[in-house]
Amino acid sequence: MFHVKQFDLDVIVVGGGHAGAEAAAVSARAGARTELVTLRLDGIGVMSCNPAIGGLGKGHLVREVDALDGVMGRIADLSGIQFRLLNRRKGPAVQGPRAQIDRKIYRTAMQRELSSISNLEIIEGEVADFLMNGDTVAGVVLADGSEIRARSVVLTTGTFLRGLIRIGESATPAGRAGDRATIRLAQRMESLGLPMGRLKTGTPPRLDGRSIDWGILDEQRGDDSPVMFSFLSRAPAVRQISCGITHTNAATHAIIERNLTRSAIYGGHFESVGPRYCPSVEDKVVRFREKDAHQVFLEPEGLDDHTVYPNGISTSLPADVQSEFVRTIRGLESVRILQPGYAIEYDFVDPKALRSSLELRCAPGLYLAGQINGTTGYEEAAAQGLVAGLNAAMSATERESVSFPRTDSYIGVMIDDLVTRGVTEPYRMFTSRAEYRLSLRADNADQRLTPLGMELGVVATARDRAFADKERRLASGRTRLAGKSLTPQQASKLGIQVSQDGVRRSGIELLSFKNVDMRVLAEVWPDLADIDDGTAMQIQRDSLYANYEERQRKEIEAFARDENQPLPDDIDYMAISGLSGELCAKLDSAKPETLGQAGRIEGMTPPAMALILARIRLSERRRLA
């Protein structure tokens with residue numbers, strides 16, 4: 001235990017992964033003197049698992065991080081070697097940008113980006129302990145005994161806390177392949193009395209692309225018109241490639257079934273839970289016995305790298321079994337395995353121990369982000385890093401913490417899910433988790449969040465100017481469209497199917513009709529032809545969802561009336577007559593900050609909510625009396 005009298009820094013960020021990079025960057029942008037401590041300088045920006053960013057729900061998070069001037073979206077655009085918009089045939093609300101990434105370019109670009117940020121220093125070292133002021137964390141102690149004092153600490157340890165890699169029956173302490181696990185810090189975290197557990201995840205074997213028969217495989221091409229992650233990007237920065245598609249088969253499944261007892265997962269070596277939505281190939285074979293094939297995407301890891309990531313065959317079977325079953329797959333009959341797949345188990349902290357700022361309740365000054373909070377995925381980690389780093393900086397510079405309501409962002413949905421409900425398996429973002437996803441689209445992330453970033457002072461001048469220019473073009477376009485209209489009869493003559501109710505429709509309203517876009521309207525009103533494609537597309541999307549958004553706005557306003565009702569930290573739930581003992585225990589454990597958070601605790605009922613609200617109002621009346 002160490003006592004701190006003065007501070008060297010405002011914020012220390014521990015770990016240089018996706019969460020740590022965003023935390024350090026936003027903390028420095030917020031004006032806090034920030035230091036990033038990482039085990040290896042060349043490990044900053046490493047993509048530990050798949051060479052891809054984005055997807056359904058995940059792509060929304062990247063856009064939101066970018067809207068707040070985070071780094072992931074811009075670095076992904078610089079290093080993306082194949083861009084695809086998932087769910088392109090569906091509505092914009094459930095479309096998700098995704099990109100294959102060149103690992104080396106991403107890592108190099110991230111390191112260059114962080115090294116260029118003022119207020120940010122990066123050092124190499126292992127954090128082994130905390131400096132304390134009573135119960136408050138006030139700095140770190142490195143493994144060599146060095147002490148660094150800071151007002152806030154952000155911990156982003158990924159899978160390193162007592163990380164254990166298993167391949168078959170062999171077990172190796174490691175944070176990821178080639179990197180040692182963090183043991184002393186895990187023990188220190190445990191000594192704080194935190195609710196901790198173990199989770200696991202896995203990765204497939206890496207293949208030598210020169211030994212793959214690409215000619216007989218199906219080709220997966222990128223989009224002809226790539227959709228970028230960052231609102232500042234216009235086009236890919238490097239050469240684009242295709243991926244390959246193949247499938248497992250009956251022979252593959254037979255080998256896996258025959259060797260299940262040798263799998264680390266099925267051999268009884270793990271007691272922890274893995275991600276349900278990213279199962280191992282062993283899980284697929286056991287859980288989906290009716291399927292005779294599972295799709296495998298062969299994803300190149302770089303333009304000048306022969307390594308291929310076979311997405312879909314994550315495994316913890318012994319290396320010899322991996323070689324055997326992989327070579328039964330079409331196109332991989334002669335493949336060389338460069339690194340066997342493995343499962344990794346690691347410590348995490350129950351996120352119900354966190355405030356919505358991602359600060360630990362029992363250890364003020366310490367913020368957690370990424371897989372330490374029970375999540376999985378680069379995108380979830382980056383979004384948490386941004387929230388934790390921002391709030392660490394706010395606290396260190398004596399400003400109010402920043403909350404992200406679930407009604408306003410996917411970031412808010414994720415944070416609320418974590419701190420209110422906790423996790424029983426690694427948490428992954430999906431569009432289905434957001435009640436108001438029609439409003440929380442990837443295309444309007446900047447309109448929702450960039451003004452907040454500007455208000456907080458974390459948006460650089462370039463983005464500020466670009467956003468202002470976009471807003472000006474949108475306002476001009478909307479004004480011009482609102483000033484034009486057609487009668488139902490005129491619209492019908494143009495092939496626009498509208499109700500013949502005698503009501504004129506403005507240009508904006510017409511954009512919400514099927515098969516109507518700006519090109520159609522420009523044939524009627526040629527002066528609209530100079531509205532650029534990006535502006536036209538955004539106005540059309542906003543028009544398409546306008547009626548739904550108005551309905552959701554009213555729902556959100558009703559939701560917010562109780563959602564934002566604060567709950568006292570010292571509220572005694574056991575003293576509220578009518579609440580079950582089980583529900584009281586859950587409330588005491590979760591310590592919801594608002595009535596809205598309490599409402600999302602498992603087992604909560606409307607009558608129970610009414611009892612809690614009545615107790616709060618009674619307490620308020622007594623205080624005012």
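Student: What makes strand S13 (residues 206–208) and S18 a pair?

Tutor: In this predicted model, two bridges join S13 to S18, and the two run antiparallel. Pairing asks for at least two bridges, so S13 and S18 qualify with their two bridges. Within this pair, Leu207 stands opposite Ile337 in S18.

Student: Which sheet do S13 and S18 belong to, and what is the order of its strands?

Tutor: They sit in an open sheet of six strands, ordered S14-S15-S16-S17-S13-S18, with antiparallel pairing.

Student: Why are S14 and S18 called edge strands?

Tutor: Strand S14 (218–220) and strand S18 (337–339) each pair on one side only. As for twist, neighbouring strands of this sheet are turned by 35 degrees against each other on average, direction ignored.

Student: And what about the sheet with S11, S10, S19 and S12?

Tutor: That one is also described as open, with four strands in the order S11-S10-S19-S12 and antiparallel pairing. Its edges are strand S11 (170–173) and strand S12 (196–203), each of which pairs on one side only. Here the average turn between neighbouring strands is 25 degrees, direction ignored.

Student: How do you know that S10 and S19 pair?

Tutor: Strand S10 (residues 164–167) and strand S19 (residues 342–349) run antiparallel and are joined by three bridges. The cut-off is at least two bridges, so the three between S10 and S19 are enough. One place to look is Ile165, whose bridge partner in S19 is Ile344.

Student: Which strands pair with S9, and in what direction do they run?

Tutor: Strand S1 (residues 9–14) runs parallel to strand S9 (residues 147–155), with five bridges between them; there, Ile12 stands opposite Val153. Strand S8 (residues 136–142) runs antiparallel to S9 and is joined to it by three bridges, with Val141 opposite Glu147. Strand S20 (residues 366–368) is parallel to S9, again with three bridges, and Tyr367 in S20 faces Val154.

Student: What do S8 and S9 form, and which residue in the turn has a positive phi?

Tutor: S8 and S9 form a hairpin with four residues between them, and Gly145 in the turn has a positive phi of about 95 degrees.

Student: Let us turn to rings. How many aromatic pairs does the structure hold?

Tutor: Zero. A pair needs ring centres within 6.5 Å, so with a count of zero there is no aromatic pair to describe here.

Student: How do you know that Arg63 lies over the face of Phe231?

Tutor: Arg63 is 5.1 Å from the centre of the Phe231 ring. The distance limit is within 6 Å, and the charge must also be within 35 degrees of the ring normal. Arg63 is therefore inside the distance limit, and it is listed as lying over the face of Phe231.

Student: What about Arg433 and Tyr427?

Tutor: The charged end of Arg433 sits over the Tyr427 ring, 4.1 Å from its centre.

Student: What is known of the second largest pocket, and which residues are closest to its centre?

Tutor: The second largest pocket holds about 1400 Å³ of space. It is lined by 45 residues, and Asp533, Gly534, Met537, Gln538 and Arg541 are the closest to its centre.

Student: Which helices supply at least two residues each of that lining?

Tutor: They are helix H11 (445–456), helix H12 (461–482), helix H15 (518–524) and helix H16 (533–563). H16 gives the most, with nine residues.

Student: How does the lining of the second largest pocket divide by class?

Tutor: The lining has 21 nonpolar, ten polar and 14 charged residues.

Conventions
Residues numbered from 1 in each chain as written. Predicted model: local features only at pLDDT ≥ 70, side-chain atom pairs only at ≥ 80, totals over all residues. Heavy atoms only, no water. 1 Å grid on protein atoms, 1.4 Å probe; cavity = no way out; pocket = protein on both sides within 12 Å on 5 of 7 lines; lining within 4 Å. Points joined across faces, edges and corners; volume = space filled by probe spheres on them. Nonpolar A, V, L, I, M, F, W, Y, C, P; charged D, E, K, R; others polar. Phe/Tyr/Trp six-rings, centres within 6.5 Å; stacked < 30°, edge-to-face > 60°. Axes fitted to C-alpha atoms, helices over the stretch in contact; angles between N-to-C directions.
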